[in-house]
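Okay, thanks for squeezing me in, everyone. Let me put the structure up and walk you through a few spots I've been looking at.

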Amino acid sequence: PLSMQASDHYPVISDFTVDNFTNHARGFSFPFAEGTGGNIADSVAGLVGKFTTGVQTWRTDSPTGQTGDFSMLFNGAKKISAADPKQLIGTNGLNDDYTLQAWVKVAVNYAPAERAVIFQYGRKPGFAFSINTNRTLHTTVFPAKEISSTATLPNDGAWHHVAMVHTSGTNMIFYVDGALGATVNHKTGAGYKTDSTITIGAADNDANFFTGNLDRIKFDDRALTPAEFDFPAVPTLGIRKNGNSLTLFWPGAVTDYTLEANPVLQSNGWTSVSSQLQGGENQAIISPTNIARFFRLKQQ
């Protein structure tokens with residue numbers, strides 16, 4: 001964002017923020033929320049992913065553990081492709097910074113015969129985000145630069161969040177469960193190929209298939225901080241007194257959750273509660289009543 005202010009010779013009328021002033025989307029996000037069917041939807045750019053290799057296998061096993069939340073199981077022979085012919089995604093035109101994120105679950109002692117691609121994209125920035133044969137995180141800068149790291153998935157068969165942040169002209173930083181795993185110098189910026197298809201679970205040429213569960217695949221066209229990651233799986237919902245009202249709040253970087261309320265703590269009957277972004281937080285102002293109410297964050 002840019003901020004502009006009046007000069008010293010004139011009174012300040014207001015500060016204002018200019019955002020999204022170039023013609024770009026902020027990336028893509030595939031939350032695997034469908035639970036049925038063979039297509040998956042991107043909630044940012046509106047792209048559609050389809051199985052081009054293998055068939056869909058939905059699982060209720062997910063990072064949140066919430067009822068109705070799903071993940072996708074890959075068996076080492078499946079690939080999802082999502083075409084981006086209009087190049088709706090990509091870097092922001094100002095620099096080549098970007099962030100790659102996903103939730104992954106692999107078997108204990110996971111050691112694939114070849115590096116396993118979580119997802120990749122060819123146009124600028126051209127990248128692949130992968131797990132190497134020893135469970136370490138790996139990224140590719142197309143057309144050909146391979147960048148290994150020492151950031152390692154725990155060998156416990158559980159869900160883990162993985163992320164890679166690229167700061168152009170500086171480095172690649174790898175994270176596991178929001179914690180710094182490794183920093184690798186990388187001075188040459190983003191890569192680029194002519195392909196404009198996103199693939200999930202394998203490379204575009206049907207190599208390096210992934211085996212395990214994937215969920216919440218994300219690409220952002222800027223370098224996120226760990227506080228902005230899609231981690232933890234369920235964001236913390238806080239409450240504080242605000243005069244005669246109560247403020248429910250959760251991190252502002254969390255954009256794909258809805259606040260819901262229910263007079264009874266049960267699986268059905270939840271209704272949406274309006275909220276707004278204020279000072280880096282998502283907030284909802286609640287007026288107390290004599291009726292019990294329960295609140296939760298529900299992934300969209």
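So, keep in mind this is a predicted model. I'll begin with Leu259: its relative accessible area is 1%, so with the cut-off at under 20% it counts as buried. You'll find Leu259 in strand S21, which runs over residues 257–262.

What is Leu259 in contact with, once we skip its neighbours within four places in sequence? Well, there's Leu237, Leu248 and Trp250, then Thr271, Ser272 and Val273, and finally Ala284, Phe295, Arg296 and Leu297.

Now, on to the cores. The largest nonpolar core has 46 residues, and the members that touch the most others are Ile118, Phe119, Ile200 and Ile217. Apart from that one there's another core, of ten residues, and Leu259 is one of them, along with Leu248, Trp250 and Val273.

Let's stay with Ile200 for a second. Again leaving out neighbours within four places, its contacts include Phe30, Phe32, Ile40 and Phe74, plus Ile118, Phe119, Leu214 and Ile217. There are lysines on that list too, Lys78 and Lys79.

And for a bit of distance: Leu259 and Val184 are 75 residues apart along the chain, and their C-alpha atoms sit 38 Å from each other.

Last stop, Ser29, over in strand S3, residues 27–30. Buried or exposed, this serine? Ser29 is buried, because its relative accessible area is just 3%, against a cut-off of under 20%. Its side chain makes a polar contact of 3.1 Å with the side chain of Lys218. Beyond its sequence neighbours within four places, Ser29 is also in contact with Ala41, Asp42, Ser43, Val44 and Ile217.

Conventions: Residues numbered from 1 in each chain as written. Predicted model: local features only at pLDDT ≥ 70, side-chain atom pairs only at ≥ 80, totals over all residues. Heavy atoms only, no water. Core = buried A, V, L, I, M, F, W, Y, C linked by side-chain atoms within 4.5 Å. Buried < 20%, exposed > 50% of the residue type's maximum accessible area, 1.4 Å probe, protein only. Contact = heavy atoms within 4.5 Å. Helix = DSSP H or I, 4+ residues; strand = E, 2+ residues; numbered from the N terminus. Polar contact = N/O pair within 3.5 Å; in protein donor to acceptor, adjacent residues only side chain to side chain.
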